[in-house]
Amino acid sequence: MPLIVNLRHLEEHDVLLRGELPLAELDLDTHDELVRVTSPLWHELTVQLLEDSLLISGSLRLKLECQCVRCLKSFERDLELNPWTCLLPLEGEDQVPVVNDCADLTPYVREDMLLELPQHPLCKPDCRGLEKTKTGKAQKTGGTDELIPSAWAELDKLKL
Ligand SMILES: [Zn+2]
């Protein structure tokens, strides 16, 4: 079931899109060997026609197979965007392309799914990895020391 909505139908009533988008159609290139998509994209979306835009809201879900960056173990993870909302303009520079009264939502779904992919997949948050390593440096986050004073500085500005 493609993620396509017919604007003529939308003029009459909201449209519910529910089903599975095949992996091949979602075509989510993770750019990462540690993360693979292993399921179709399950979606349940309501599309509303507003004055000059489309409002899409609902949920998106798929399964990932990840490899832990620390211990290299493979594990499965659900990636879910719920609620997911998206406002697509029908006019102006960023307008959604409409072909034969139909708008394809796939690129927008793909884009938001990509942003949610794990950057450094871990089998569990405190995975210790394959073996003990003396990585005292890795524990230090570095930025923290600078972050706190600047946060206070921002607060001071607000007080003024
Ligand atoms: Zn691990």
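Biologist: What makes Cys68, Cys71, Cys123 and Cys127 the protein donors of the zinc ion?

Modeller: In this predicted model, the SG atoms of Cys68, Cys71, Cys123 and Cys127 lie 2.3 Å from the zinc ion. Donors are N, O and S atoms within 2.8 Å of such a metal, so these sulfur atoms qualify.

Biologist: Why is the site of the zinc ion called tetrahedral?

Modeller: The angles among its four donor atoms run from 106 to 115 degrees. Four donors count as tetrahedral if all angles lie between 85 and 135 degrees, so the site meets the criterion. For reference, the ideal angle for four tetrahedral donors is 109.5 degrees.

Biologist: How are the donors of the zinc ion spaced along the chain, and what makes Cys71 and Cys127 a pair that ties together separate parts?

Modeller: The spacing of the donors is C-x2-C-x51-C-x3-C. Cys71 belongs to the loop between strand 5 and strand 6, whereas Cys127 belongs to the loop between helix 3 and helix 4 (136–139), so the pair links parts that are 56 residues apart in sequence.

Biologist: Are Cys71 and Cys127 buried or exposed, and how do you know?

Modeller: Cys71 has a relative accessible area of 15%, and Cys127 has one of 6%. Buried means under 20%, so Cys71 is buried, and Cys127 is buried by that cut-off too.

Biologist: Why is Ser39 called buried or exposed, and which residues does it contact?

Modeller: Ser39 has 5% relative accessibility, which is under 20%, and therefore counts as buried. This residue lies in the loop between strand 3 (35–37) and strand 4 (41–49). Leaving aside neighbours within four places in sequence, Ser39 is in contact with Leu23, Leu62 and Lys63.

Biologist: What makes the approach of Ser39 to Lys63 a polar contact?

Modeller: A polar atom of the Ser39 side chain lies 2.8 Å from the backbone nitrogen of Lys63. The limit for a pair of N or O atoms is 3.5 Å, so the distance satisfies it.

Biologist: Which residues have the most contacts inside the largest nonpolar core, and which elements supply it?

Modeller: That core has 37 residues, and those with the most contacts inside it are Leu41, Leu54, Ile56, Leu62 and Met113. At least two residues each come from helix 1 (7–12), strand 2 (15–21), strand 3, strand 4, strand 5 (53–67), strand 6 (74–89) and helix 3 (106–116). The contacts of Ile56, beyond neighbours within four places in sequence, include Leu45, Val47, Trp84 and Leu105.

Biologist: What makes Asn100 and Asp101 stand out in their backbone, and how is the accessibility of each classed?

Modeller: Most residues other than glycine have a negative phi. Asn100, which is not a glycine, has a positive phi of about 50 degrees, and Asp101, also not a glycine, has a positive phi of about 70 degrees. Asn100 is found in the loop between strand 7 (98–99) and strand 8 (102–104), and Asp101 is placed in the loop between strand 7 and strand 8. At 69% relative accessibility, Asn100 is over 50% and therefore exposed. Asp101, at 30%, falls between 20% and 50% and so counts as partly exposed.

Biologist: What kind of peptide bond joins Asn82 and Pro83?

Modeller: Most peptide bonds are trans. The bond joining Asn82 and Pro83 is cis, with omega about 5 degrees, and Pro83 lies in strand 6.

Key. Residues numbered from 1 in each chain as written. Predicted model: local features only at pLDDT ≥ 70, side-chain atom pairs only at ≥ 80, totals over all residues. Heavy atoms only, no water. Helix = DSSP H or I, 4+ residues; strand = E, 2+ residues; numbered from the N terminus. Buried < 20%, exposed > 50% of the residue type's maximum accessible area, 1.4 Å probe, protein only. Polar contact = N/O pair within 3.5 Å; in protein donor to acceptor, adjacent residues only side chain to side chain. Contact = heavy atoms within 4.5 Å. Core = buried A, V, L, I, M, F, W, Y, C linked by side-chain atoms within 4.5 Å. Donors = N, O, S within 2.8 Å, 3.2 Å for Na, K, Ca; no water. Tetrahedral: all angles 85-135°; square planar, octahedral: opposite > 155°, others 65-115°.
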